[in-house]
Amino acid sequence: MIRLDDVTVCYRKHPAVHHLTGTFTAGGLTAVVGPNGAGKTTLLKAITRQQALTTGTIHVDGDIAYLPQMAELDRQFPLTVSELVLAGAWKRRGGLRALDGEETDRADEALERVGLSGFGQRTIATLSGGQLQRARFARLLVQDTPIILLDEPFNNVDTRTRDTLLAILAHWRAQQRTVAVVVHDMGLAHEHFPETLLLAHEVIAWGDTASTLSEDNLQRAQQMTEYWQNDAPWCARP
Amino acid sequence: MTLHEMFLAPVTDYAFMRRALAGCVALATGCAPMGVMLVLRRMSLMGDALSHAVLPGAAIGFIFGGFALPWLAGGGIVAGLLVALLAGLASRFTSLNEDASFAGFYLVSLAIGVVLVSRYGSNVDLIHLLFGSVLAIDNAALYMLATIATLTLLWLAINYRGVILECVDPGYLAVTGGRGSRYHLGLLVLTVLNLVAGFQAMGTLMAVGMMMLPATIARLWADTLAGLLWSAWVAGLVASVVGLLLSYHLNLPSGPAIVLVAGVLYLLSLWLAPHGWLGRRASKTHLQH
């Protein structure tokens, strides 16, 4: 569960998102949707404490696994797939405790679930975009946290990979984990996400997907972003 | 010249060559993994900058204590850490990035160093400080080299996972509760220590070569982290042993001789290694079938 209470985050002294209030429930699978620059990534960074809050509080009830956009990973780094996946054990094992059979079994199992068994010894440079995304999901599986935040995990992946990843999301939901995913494709949100948060600097709508993504709301979100320039007064609305 | 005269006699006949050889083995052992880390973190320039930054400290030490080790090494360490600190602060509190502020500070400190030595010492002293001399490796220097190599390997062994993670995916580590700045600082301090270790034998200008060239060579041969670390070490060892022998037989300054051998290895690797020219060409012809 993640509870936001009047959350404002500023970027260069200007709010990127403001006065967000609401809850991501356990067992909820939420799509975070909004125009470009609406503050979706900022929100995830605030929840993971990479961005300081200007006002408000965020309450979380467990460890968080966060999948940043793919661009943050150095793909030329000479890392093997199994090393990448085993990094998911960092929270439990840290820098010194042994990565014993329990962890390597977990990693093997995760690789199998994302359809990459046998890829363990390959380096990440040799993977395709879709395969690398699968490997990153395997790391999330190894992390095994109650809260999972994903930033645009379906960008530039093939449909087969997308289906595999969506199945994992559904499984997480069934396990009562809290899952929030930044999604660009509205169709995807309609089809696979029971709940949606429509964000445009503020919460435009937050609830079941069909009513959140109404024509009205989408238009309002678009208006808000266009109106919201760097020199707009704080908390102004069109 | 027999093989014995070429390879063994210098070491069996002269104590200073034995010390130099042991020193260079220690140096390669510490510098190779550091270089690999710096190259992987795209911090090659920082290693270069720090190596120049060490000079004024060594020069001030030299003015007070001549070629006595504690003065030279102590001064070098202090100056290197000071420049690292100043550059870090400058990038943190201004909009310069770390690379640019390092470049600013190291040029200034290199100039200060050269001015100091040429004002208070002779040209021979300057050449010694800049390019090194195997004769400078006495027992005390040898102990220092071994200590620094040991410290480097121990620190890397303890922090290996974190350093690698912070390199490949800093965002992940930050969210999962690791403190990335700790590794960054640790690497900076170890870089300074290894450069100071290097400048006795290699000179301040050449010491960084022992760090960067083996790591660059390794990148052309190896795909995995373990492979990189091993091949950088082997390249460093070969370069330092062959370079030392060359400097003995041809009466060359040891630092440039070692770096030149590493340079030859680098050129050969560019040509022959799996990720070099021939390797790339072989995989292309394969695709055409």
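This briefing covers an annotated span, a sheet with its helix, a buried residue and a chain contact. The model is predicted. In chain A, an open sheet of three strands is crossed by helix α1. A:I124 is buried. Chains A and B meet in a contact that takes 18 residues from chain A and 20 residues from chain B.

**Annotated span of chain A**

- The UniProt record, an unreviewed entry, carries the annotation "domain: ABC transporter" for residues 2–226 of chain A.
- Helix makes up 38% of residues 2–226 of chain A, and strand makes up 26%.
- The C-alpha atoms at the two ends of this span are 29 Å apart.

**Sheet and helix in chain A**

- The strand order in the open sheet is β2-β1-β4 (chain A), and the pairing is antiparallel.
- β2 (14–24) and β4 (55–60) of chain A are the edge strands, each pairing on one side only.
- On average, neighbouring strands of this sheet are turned by 25° against each other, with direction ignored.
- Seven bridges join β1 (residues 2–11) of chain A to β2(A), in the antiparallel sense.
- A:R3 has A:T23, in β2(A), as its bridge partner.
- Helix α1 (residues 40–47) of chain A lies across β1, β2 and β4 of chain A.
- This helix runs at about 115° to β1(A).

**A:I124 and its surroundings**

- A:I124 sits in the loop between α4 (101–113) and α5 (129–143) of chain A.
- A:I124 counts as buried because 22 other C-beta atoms lie within 10 Å, and the cut-off for buried is 20 or more.
- A:P78 is 46 residues away from A:I124 along the chain, yet their C-alpha atoms are separated by 7.2 Å.
- Neighbours within four places in sequence are left aside in the contacts of A:I124 that follow.
- A:I124 is in contact with A:R75, A:F77, A:L79, A:V81 and A:L84.
- A:L132 and A:A135 are also in contact with A:I124.

**Contact between chains A and B**

- Chain B gives 20 residues to the contact, and chain A gives 18 residues.
- On the side of chain B that touches chain A, α7 (139–168), α8 (170–175) and α11 (225–250) of chain B each supply at least two residues.
- α7(B) gives the most to that side, with seven residues.
- The residues on the side of chain B that touches chain A are ten nonpolar, seven polar and three charged.

Conventions: Residues are numbered from 1 along each chain as its sequence is written. Chains are lettered from A and ligands numbered from 1 in the order in which they are written. This is a predicted model: local features need pLDDT of at least 70, side-chain atom pairs count only at pLDDT 80 or more; totals for chains, interfaces and linings use all residues. Two residues are in contact if their C-beta atoms, placed from the backbone, lie within 7 Å. Helices (H or I, at least four residues) and strands (E, at least two) are DSSP runs, numbered from the N terminus. Ala, Val, Leu, Ile, Met, Phe, Trp, Tyr, Cys and Pro count as nonpolar, Asp, Glu, Lys and Arg as charged, and the others, Gly among them, as polar. UniProt positions are given in the numbering used here, feature names are shortened, and annotations may be inferred rather than shown by experiment. Two strands pair if DSSP finds at least two bridges between them. Axes are lines fitted to C-alpha atoms, for helices over the stretch in contact, and angles run from 0 to 180 degrees between N-to-C directions. A residue is buried if 20 or more other C-beta atoms lie within 10 Å of its own, exposed if 12 or fewer, and partly exposed in between; C-beta atoms are placed from the backbone.
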